[in-house]
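Please open the model in the viewer and keep the selection panel at hand. The tour proceeds from a pocket to a cavity and then to the cysteines.

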Amino acid sequence: MTFSAPGLRTMTPVPPPAPLIRADDAAAAGAYPSADRALIRIRPAVYTERALWDALPEWDRYLLRVHAYALIRPRAIFSHESAAALLGLPLFGQPCDVHVFDPRRPRSLRFGDVAVHTSADARAFWDGPLRTTTAVDTVIDLARTLPPAFGLAVADAAARRFAVTTEALSLEAARQRSVRGRRRLEWTTERLDPRAESVAESISRAVAEWCGFPAPVLQAEHPVGGRRYRSDLCWPDHRVIGECDGWSKYGAGENAAGAVRDEKLREDALRRAGWRVARWDYAGALRVDGLRTALESAGLPRIRPQDSAHLATLRRNPRSIDKRGGE
């Protein structure tokens with residue numbers, strides 16, 4: 001059984017990152033996409049421009065695959081990574097499958113690259129131009145199945161974008177009868193935090209925990225010299241600030257140069273105030289060593305043994321085409 005969720009018409013799906021062409025529509029106009037080398041088939045009877053496809057990052061290629069499926073199955077209810085793509089939640093690489101939910105089926109099954117899910121429990125969905133499982137159900141589905149740090153990044157993003165709460169996740173999870181991934185889901189639910197402003201911060205928080213460091217304070221404010229600075233992660237008891245760098249935070253061109261200069265002045269001010277600043281990038285968090293070395297060098301102590309089993313889950317995303325971790 002499914003039912004539409006209240007407030008559903010306010011949800012607008014992320015649009016396709018490139019135009020899609022239906023073979024039937026093209027044929028009616030006297031064109032045949034299968035014979036046009038400038039086009040590439042996204043799925044049977046649906047094409048896009050090859051040059052545009054080649055320029056897309058992996059996650060946008062996946063979003064276009066989802067829209068291509070919706071073009072031929074407009075009443076499909078998308079779930080898992082497919083719902084995440086349409087809701088603007090993080091993806092990690094290009095997922096292998098397009099995921100849809102069909103409560104009419106007695107069991108889950110697969111048709112090519114389409115995974116069809118079902119459930120004995122009633123599920124809500126958001127209607128509109130396209131239909132998806134709700135943000136709460138999407139987080140639960142992915143927290144059960146993704147490597148834990150990636151599931152946490154999805155949950156944090158849903159908390160920021162859709163005000164998903166720990167309480168809402170816990171209530172819905174308790175109602176569901178599935179035991180698959182329950183411990184992984186509980187781990188994610190307990191750590192959800194809308195203050196994490198990026199995927200990199202969510203991943204870094206998980207990695208810091210598994211390396212044995214204390215839990216950080218997120219987005220703490222630091223009054224220094226009449227100004228207030230904010231940090232990504234902070235350990236006030238140890239006077240350590242953690243910053244996860246990515247070029248997107250600096251912009252491009254002259255704006256980037258100015259942002260880097262301002263960041264240097266900010267860091268100098270924090271150091272003069274007695275803070276030790278540890279920096280790493282997204283790749284350094286995924287590899288673990290970049291984050292771990294930076295925090296150790298800043299003098300942050302470990303309070304528990306390293307959790308090597310969880311750290312190993314960062315090496316690959318088995319649900320991605322290239323199996324590598326990371327967005």
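Select first Tyr69, Arg73, Ala76, Val100 and Asp102, which lie nearest the centre of the second largest pocket among its 22 lining residues. Helix H3 (58-72), strand E6 (98-101) and strand E8 (114-117) each give two or more residues to this lining. The model is predicted, so that local features need pLDDT of at least 70 and side-chain atom pairs count only at pLDDT 80 or more, whereas totals for chains, interfaces and linings use all residues. Residues are numbered from 1 along each chain as its sequence is written, and side-chain values use heavy atoms, without hydrogens and water.

The volume of the second largest pocket is about 410 Å³. Its lining comprises 12 nonpolar, two polar and eight charged residues. Here a pocket is an open set of points on a 1 Å grid over the protein atoms alone, with protein on both sides within 12 Å along at least five of seven lines; lining residues have an atom within 4 Å of a point.

Next, select Glu81, Pro90, Leu91, Phe92, Pro95, Leu142, Leu146, Val154, Asn317, Arg319 and Ser320, which line the largest cavity. A cavity is a set of grid points where a 1.4 Å probe fits but cannot get out. This one holds about 60 Å³ of space, and its lining divides into seven nonpolar, two polar and two charged residues.

Finally, select the cysteines Cys96 and Cys211. Cys211 is buried (under 20% relative accessible area, 1.4 Å probe, protein chains only), at 0%. Cys96 is partly exposed (from 20% to 50%), at 24%. The count of disulfides, pairs of cysteine sulfur atoms within 2.5 Å, is zero.

Definitions and conventions. Points joined across faces, edges and corners; volume = space filled by probe spheres on them. Helix = DSSP H or I, 4+ residues; strand = E, 2+ residues; numbered from the N terminus. Nonpolar A, V, L, I, M, F, W, Y, C, P; charged D, E, K, R; others polar.
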